[in-house]
Structures are given as structure tokens and as C-alpha cells.
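Please look over the model shown here before reading on, with attention to where the chain begins and to the pockets in its surface.

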Amino acid sequence: MIELVDADWLEREFAAPVGRLVDARRPVKYLQGHIGGAINLPLGQIFDADGRLRPDEELAQWFGAAGVGTGMPVVVYDAYDGQSGAMLAWLLDYLGHPDVRLLDHPFDRWAAGHEIFYRPLTAPPAQFTLQPRSGLRVFAPDLAGADPPVLLDTRSVEEFTGRQVTEDRAGHIPGATHIRWTEFVTEGETLFASRAHVAALLAASGAQPGPHPRRRIVTYCRRGPRAAVALIALQRLGYEVSLYDGSFADWAARPELPVQV
């Protein structure tokens, strides 16, 4: 499970190079200023030319070559929307990293009260031992069983209802509940919305499995990052949550699978 940490914890408890601090933003943003000691691992590098997640082995090698090993704690941070940071943190967790944390503090807020740095940093290669946690990731066939999980679509209302077409087929996966991903983040000091707010969202949407959830929640969007934000917010409430990283782009590309509008 990914742990959220605040700015005070980062200053008090975390120190590079004992741990690895990772900036998940685009390179141009990183070069415009970053937290001291951070390396840049932009999210775009985890996808292949078709927008699909690269194979597990390649991703583990990529992390290791960048200096992110499974023998050191990792803290990821991001900009105000949290998409890149959430997706990168989920990926590390899924691949088997034992100590992944996400800064619950957008970089812009950090920059307003702390020194920022401009010199790009690299780290020596590290050993990343691949041990995938299969329960954190699902594929299209996993959603078609006799006991399907609770499906949560985190795209916009327009995408969910089919009014905005992003794929060859429009709409959503049948049976999915909709909560837009922006409901899980804030524009305040913290990145994520409060546990109480998220619990109320689930209750109002009907996506809540119950006080003692037995059914897994699966989040999806179009390609994964928006759904990763929801996944981390729901994990904080104690739910078992998986990511359908192929998301609606993968589902809609399979003509044998139904869509609903």
C-alpha cells in the first residue's frame, strides 16, 4: 500500500541518497525548479508507442537504471493534479517495491515555502527486484467473470456518457459507477481530498461495497493516470483497489466487449 506523507515528514525523516526522491512531472517542469535531491522520472516513459504500459521486466530495468532500487525507500511527488505521481507510485507498488510513499503536497505549494533547485540530477544504477503484486492490476478478462468487481469510471461526465468520443466506441464499461477523478484531489495545502470527503463520495455514488468490503474496487479512466489518483484515495479508506491500466482505451478497442452509454 502506498503511504501519503506530508512536507514536515519529508524534511524531518527523508534524506537522499539513503532514499530516492522522484519528481514525476515533465522534464521541462523539473528543469524550472524541483525539490533538492530529486531525480526526474517523467510518466511518459512508462508507456510504449501505442500508449500501453511497457512489460514488467522493462519497467523494472528502467527504474533500476535510473537509480530506483527495491532496497531503498522511495518518495514520489507531483504537481497539483497528482496524476503522474499517483500512476508512478502505483507502478512501483505493483512491481513489488516494498516502501513507496507519495508526497501529499503539490510541488507548487512546496515551492512557495522552501528552497527549490534547478540543476538536473542523476543517480547511480540500483537493483530493482521484480516481484509483481497481481492483485493491484487487472485486465479486461478479469472484469467479465461471474462475480465482477465494483467498477469506478473516473473520466469526465462527457466521456462516461459518450458525449465526448476519445476512442472508436464511446460510453463506458457496463455496470460502472462514475466519480470524476478531480473529486479525489483538492486545491489546498494537501494533494488528496480528506477521507471523509472520499467516503461521502462513495456512499452517494453507490460504489461503496459496504462497511467491511469483500469485493474489490477497480478504477479506470482512459489510460490509467486519473484512475490511479482514485485508487490511492480509496486505499486510504482501507478498500482493496486494483487499477485497470489499459482502461477504456483497451476496452473499447476490443469489439467483442460491450459498451454502455
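What follows is a walk through a predicted model, beginning with the first residue and ending with two pockets.

The chain opens with Met 1, which sits in the segment that comes before strand S1, the strand spanning 3-5. Is this residue, Met 1, buried or exposed? Its relative accessible area is 63%, and because the cut-off for calling a residue exposed is over 50%, Met 1 is classed as exposed. Even so, Met 1 has contacts beyond its sequence neighbours: leaving aside residues up to four places away in sequence, Met 1 touches Asp 93, Val 100, Gln 235 and Arg 236. A further reference point is Ser 194, which is separated from Met 1 by 193 residues in sequence and by 18 Å in space, taken from C-alpha to C-alpha.

Turning to the pockets, the largest has a volume of about 270 Å³, and 14 residues line this largest pocket, with Arg 25, Arg 26, Lys 29, Asp 78 and Ala 79 lying nearest its centre. Sorted by class, the lining of the largest pocket comprises 5 nonpolar, 4 polar and 5 charged residues.

The second largest pocket has a volume of about 200 Å³, and its lining is made up of 13 residues, among which Arg 52, Arg 137, Asp 245, Gly 246 and Asp 250 lie nearest the centre. Here the division by class gives 5 nonpolar, 2 polar and 6 charged residues in the lining of the second largest pocket.

Terms used: Residues numbered from 1 in each chain as written. Predicted model: local features only at pLDDT ≥ 70, side-chain atom pairs only at ≥ 80, totals over all residues. Heavy atoms only, no water. Helix = DSSP H or I, 4+ residues; strand = E, 2+ residues; numbered from the N terminus. Buried < 20%, exposed > 50% of the residue type's maximum accessible area, 1.4 Å probe, protein only. Contact = heavy atoms within 4.5 Å. 1 Å grid on protein atoms, 1.4 Å probe; cavity = no way out; pocket = protein on both sides within 12 Å on 5 of 7 lines; lining within 4 Å. Points joined across faces, edges and corners; volume = space filled by probe spheres on them. Nonpolar A, V, L, I, M, F, W, Y, C, P; charged D, E, K, R; others polar.
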